[in-house]
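Open the structure in your viewer and keep the selection panel at hand. This tour goes stop by stop, with a selection for each.

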Amino acid sequence: MRSHTADYDVVVVGGGLSGVAAAIAAARLDRRVALINNRPVLGGNSSSEVRVWVCGATAHGNQRWARENGIIGELYLENQYRNPDGNPIHWDDVVLDAVRAEPNISLYLNTDVRDVVATGPEGARRIESVTGWTMGAETETRFVAPVFLDCTGDGLVGHLAGARARLGKESRGEFDEDWAPEEAERTFLGSTLLFYTKDVGHPVRFVAPASAKSILETPIPSSRIIRSGDSGAHYWWIEWGGELDIVHDNERIRDELRSVILGIWDHIKNSGEFDAENLDLEWIGNVPGKREYRRLVGDYTLHQRDVIEQTRFDDGVAFGGWSIDLHPKEGMYATGAGAVQRFSNGVFEIPFRSLYSADVENLLMAGRDISATHIAFGAARVMATCAAMGEAAGTAASLGLARRTTPRGLYENHREELRQLLLRQDAPLIGVVDADPANLALSARVSASGVRAGLGPSDIAVARPHPLTEDVGVVVPVHPCLDGFEVRVAAEQDVDLAVEVWSTGLAQNVVPERLEHAVTVAVAAGDARWVHAPVRWEPETPANAVIVVRAQTGVTLFVTDELPPGVLTLVHTSDAEDQNVQVSLDELLVQWPTKPLRGRSVQFRVPTASEALAPERAVGGYQRPFGGPNLWASAPLTEAEAWLRLDWDRPVVAREIVLVFDDDPDIELNTLHHHRDPHLVMPSLVDTYRVEIQVAGSEEWTEVATVADNRRRRRSHPLPPGMGAIDAARVVVTATHGAPEARIVAFRVQE
Ligand SMILES: Cc1cc2nc3c(=O)[nH]c(=O)nc-3n(C[C@H](O)[C@H](O)[C@H](O)COP(=O)(O)OP(=O)(O)OC[C@H]3O[C@@H](n4cnc5c(N)ncnc54)[C@H](O)[C@@H]3O)c2cc1C
């Protein structure tokens, strides 16, 4: 046996996606990081040991423009390229490669942290070290660092350090949560094992082992949908342990889950009710995926209203968008739905104060153990959201070291600096405008080769008829005002067509929330032609509008496969049937899905000029859709190469040029076998470009980078040392991965 001590700047305990993102974030800011995981594979519940698919703010495509950027965004894009079939083994390597690519990370796999040395009085503790045992290597390591991150999911580090934690459900009154029980109760979301099946191409029998449970003696067959073709995360509802102690009863819970899986498989194979002759069991998980245990208490506790009412925080450092997704404590033995879900109208913010312990001054946390009530945790717990928090917490750990302060000190004195740093790194956060004093682009004049003409689909887009049997909503950016809307229509008889402009409420929302103007347009019977609706709206600041065209018998709109930047199509629905999940049709997000016409646009025109896609949108913006697309879109590349240019009145000395391209955050990219997207690379991404500068006093362009086959959203190009001051910089785009125009979300020049 060996024993040694290792010193780091930052120690991250737990290698789920929150820990992975935290470690990468801190390492990229030049911190020496130890990432410790007690299992051999990174990824936590998303790893091939558990196989939960990674979901996030898109909420399976229910939220709009909501896919996370940042580190989890990079993992999504890489996985889509390398592993479009969603093989969990390849996902493991996507995650491992991302960690191994950071020379500042020392990875300790198979290393279980069990001891924490903390000093100081209750309420003001400080962690001095944590100690882990590496299985198979008979090695004990004491990790010493000035700052620690608890990404264990279970909040074990915080618990051992003396941090307060919440377990179970808060009472309704404590945080004024109408979804909470009247009295607090110590029950949880249960744990789950998943299983995979495969068609072996010939009949195969299954002899149930003694441990298989007879599921006919349980409510499962009548209250859950069992389909022979389902596999993996489709069986999320095989859940149990909510009335036990999730951690201390972990072994018992695993045995029960495994016996039920074998019982379900016996039912599928041997009941005669399923077409399953050639199906065999390929894999059963052995590590229970835990949903819930401790939530460490921070300086703020995220609660139901923050999610549903989308509280704006001046320390918002990450966002979520998953519904508040709560499960019955009886899990798979409950007779009602396996989950009830409640959506906010758009993505919600997570404040930094929920990411550090109120009692342990050098402890940050990210993932399912953050400071939240049970109800808010129900929305924040999905893994891309956990990774977004991890990126924020890892970035904060680094900034805290630079500013020689605690996380609380960072909140009190440097929270805007933290948000600007996150934006500079292209971390996923919303509603933060680039005001980075180190971004020289903010003081430059911005110009471009051109701008995409109009907001609607181009004239060459092929259109198909779409009968107007349901209300249709066309989401368009309004910048600065809307004065008329034209839509291509055919009508079987003379009709009055109702056209309305709706505002969306908060800038991140993309639902018709408030009626701003309504008109009725007389449409005579006849073939397709442009119809002008004289709707008007002038918001105080740039905003998205939803132009609702009300359903009308005998009227046809036309839809194209070309979806212009900043545009989405909503279709009103009155159907939300799913036996396993209960959602509410009272919610705008559920009433107005994008799914029926995803990726397609109604043929429309906006006759007034718009600034929504102007070159200035790539500088000093939000770097995400927020009240508009916040990007520059060029004229079609078929006309000429596209360039975006910055000029300074006085020469500037720059260190690095950072580009952020559009990777279409509306598309859900799931890591496993769900909602498969056909594109290996998002078509909106820039493929080929070069970066050029003009050295002060010179009219010549000097190339500093040339890139082909780009697959990333954020690219950083350091300027050669000794280059001196520059007068101008530009990016020249010659190809995208499919979009007709170049799209640039941010052009930053960092000093
Ligand atoms: C069955 C199931 C279905 C779910 N459905 C979804 C879904 O569809 N999509 C989605 O995104 N999310 C889903 N979730 C929620 C999500 O998986 C969790 O909330 C999320 O994994 C939490 O991330 P985390 O990084 O905090 O913790 P985890 O993913 O649990 O990772 C924690 C890591 O820390 C390690 N660790 C723990 N203790 C120690 C220690 N003492 N020392 C060293 N390492 C330690 C663990 O081995 C693990 O690798 C589901 C969860 C379950 C169980």
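**Stop 1: the ligand and its neighbours.** Select the ligand in this predicted model, then the 33 residues around the ligand. Which of them come nearest? Colour Ser-18, Asn-38, Trp-53, Arg-381 and Met-383: these five come nearest to the ligand.

**Stop 2: backbone contacts.** Show the backbone atoms of Arg-381. A backbone N or O atom of Arg-381 sits 2.5 Å from an oxygen atom of the ligand. Move to Met-383. There, a backbone N or O atom is 2.7 Å from an oxygen atom of the ligand. Now select Val-113. One of its polar backbone atoms lies 3.0 Å from a nitrogen atom of the ligand. Turn on the surface next. On its own, the ligand has 990 Å² of accessible area, and the protein covers 94% of that.

**Stop 3: the shell by element.** Select α1 (17-28), β5 (111-119) and α10 (383-402). Each of these elements gives two or more residues to the shell around the ligand. Which element gives the most? Pick β5: this strand gives the most, with three residues. Now colour the shell by residue class. You should find 13 nonpolar, 14 polar and six charged residues.

**Stop 4: the largest nonpolar core.** Leave the ligand and select Val-11, Ile-127, Val-130 and Phe-352. Within the largest nonpolar core, which has 135 residues, these four touch the most other members. Bring back α10. This helix supplies the largest share of the core, ten residues. Then colour domain 1 (2-168 + 351-424) and domain 3 (440-451 + 613-750). The core takes at least three residues from each of these two domains.

**Stop 5: Lys-269.** Select helix α7 (residues 250-270) and find Lys-269 in it. Is Lys-269 buried or exposed? Lys-269 counts as buried, because its relative accessibility is 14% and the cut-off for buried is under 20%. Add Asp-280 to the selection. Lys-269 and Asp-280 are eleven residues apart in sequence, and their C-alpha atoms are 8.7 Å apart.

**Stop 6: Gly-43.** Go to the loop between β3 (33-36) and α2 (70-82), where Gly-43 lies. What is the relative accessible area of Gly-43? The value is 0%, so Gly-43 is buried. Finish by selecting Arg-368 as well. Along the chain, Gly-43 and Arg-368 are 325 residues apart, and 14 Å separates their C-alpha atoms.

Notes
Residues are numbered from 1 along each chain as its sequence is written. This is a predicted model: local features need pLDDT of at least 70, side-chain atom pairs count only at pLDDT 80 or more; totals for chains, interfaces and linings use all residues. Side-chain values use heavy atoms; hydrogens and water are left out. A residue is near a molecule or strand if one of its heavy atoms lies within 4 Å of it. A polar contact is a pair of N or O atoms within 3.5 Å; within protein, one must be able to donate a hydrogen and the other to accept it, and residues adjacent in sequence count only if both atoms are side-chain atoms. Accessible areas come from the Shrake-Rupley method with a 1.4 Å probe; for residues, only the protein chains shown count as cover. Helices (H or I, at least four residues) and strands (E, at least two) are DSSP runs, numbered from the N terminus. Ala, Val, Leu, Ile, Met, Phe, Trp, Tyr, Cys and Pro count as nonpolar, Asp, Glu, Lys and Arg as charged, and the others, Gly among them, as polar. A nonpolar core is a set of buried Ala, Val, Leu, Ile, Met, Phe, Trp, Tyr and Cys residues joined through side-chain atoms within 4.5 Å. Buried means under 20% relative accessible area, exposed over 50%, partly exposed in between (1.4 Å probe, protein chains only). Domain bounds come from an automatic or database domain assignment.
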